[in-house]
Amino acid sequence: MAEIQIARIDYRLIHGQVVTKWMKAYPAKRIVIVDSELAQDDFMADIYMMAAPAGTKVDVVETERARSFLDSISGSVFLLFKNVESCYEAFFNGVAFPRLVVGGIPTDAGKVLVYSSIYMSASEYDKLEQISRAGIEVILQSTPDDSCAELSKIKEKL
């Protein structure tokens, strides 16, 4: 069974901050990206695999298969989700993680700036709140060096 070091929502997935900062703060031998759309796109999945730090294995799995995949592997894992929906779906299908760090949610119709370049809709907040009520610490944080906000602190912005 995988040892999930951290779960993070970031639409950019594997990028400079993940490689240079997050992987140092939460060292893992493997990055698992949970995203059904990306799992069907071999070309883009290969690009993310090439962007990972040397020696770090990368897997891209469909949201529905995430729990069984994580149960079948061992070692330390950095779990990445492209969006709140994928995280919510995986969590309520049995994917367990100790902490969820929300960062890298882009602006779109119906979303407002809630914290340091993180945009969110009311429905996304509700999904994260359900995860939080299940006993998971949910924070908003762009980089490990930045200050963070608890999920409950941003509710009034929605």
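A salt bridge is a side-chain nitrogen of Lys or Arg within 4 Å of a carboxyl oxygen of Asp or Glu. With that in mind, we can begin our walk through this structure, which is a predicted model. Asp 10 and Arg 8 are joined in such a bridge, with their closest N and O atoms 3.2 Å apart. Both partners sit inside: Asp 10 has a relative accessible area of 0% and is therefore buried, and Arg 8 is likewise buried, with a relative accessible area of 0%. Arg 12 belongs to the picture too, since Arg 8, Asp 10 and Arg 12 are linked in a network of salt bridges. The structure as a whole holds 11 salt bridges.

Let us stay with Arg 8 and look at the strands around it. Strand E1 covers residues 2-9, and six of its eight residues are buried, so the strand is largely enclosed by the rest of the structure. What does E1 pair with? One partner is strand E4 (residues 75-81), which runs parallel to E1 and is joined to it by seven bridges. At one of these places, Ala 2 stands opposite Gly 75 in E4. E1 also runs parallel to E5, and three bridges join the two. Here Arg 8 comes back into view, as its bridge partner in E5 is Val 101.

Strand E5 (residues 99-102) leads on to another charged pair. Arg 99 forms a salt bridge with Glu 137, and their closest N and O atoms are 3.1 Å apart. Arg 99 lies in E5 and Glu 137 in strand E8 (residues 137-140), so this pair ties together parts that are 38 residues apart in sequence. Glu 137 counts as partly exposed because its relative accessibility is 43%.

Now for the nonpolar interior. The largest nonpolar core has 36 residues, and those with the most contacts inside it are Leu 79, Phe 97, Leu 100, Val 102, Met 120 and Leu 128. Take Leu 79 as a guide: beyond residues up to four places away in sequence, Leu 79 touches several others, including Ile 4, Ile 6, Arg 8, Val 32 and Phe 97. Apart from this core lies another, of 20 residues, among them Ile 31, Ile 33, Val 58 and Leu 80.

Our last stop is Asp 59, which is found in strand E3 (residues 57-61). Is Asp 59 buried or exposed? Its relative accessibility is 11%, and buried means under 20%, so Asp 59 counts as buried. Leaving aside neighbours within four places in sequence, Asp 59 is in contact with Arg 30, Ile 31, Val 32, Ile 33 and Phe 69. With Arg 30 there is a polar contact between the two side chains, at 2.5 Å. Tyr 48 makes a useful landmark: Asp 59 and Tyr 48 are 11 residues apart in sequence and 9.3 Å apart in space, C-alpha to C-alpha.

Asp 59 also meets Lys 57 in a salt bridge between their side chains, at 3.7 Å from N to O. Side chains of opposite charge can pair when their charged atoms come close. The surroundings of the two partners can be set side by side: Lys 57 counts as partly exposed because its relative accessibility is 45%, whereas Asp 59, at 11%, counts as buried.

Technical notes. Residues numbered from 1 in each chain as written. Predicted model: local features only at pLDDT ≥ 70, side-chain atom pairs only at ≥ 80, totals over all residues. Heavy atoms only, no water. Helix = DSSP H or I, 4+ residues; strand = E, 2+ residues; numbered from the N terminus. Buried < 20%, exposed > 50% of the residue type's maximum accessible area, 1.4 Å probe, protein only. Contact = heavy atoms within 4.5 Å. Polar contact = N/O pair within 3.5 Å; in protein donor to acceptor, adjacent residues only side chain to side chain. Core = buried A, V, L, I, M, F, W, Y, C linked by side-chain atoms within 4.5 Å. Pairing = 2+ DSSP bridges.
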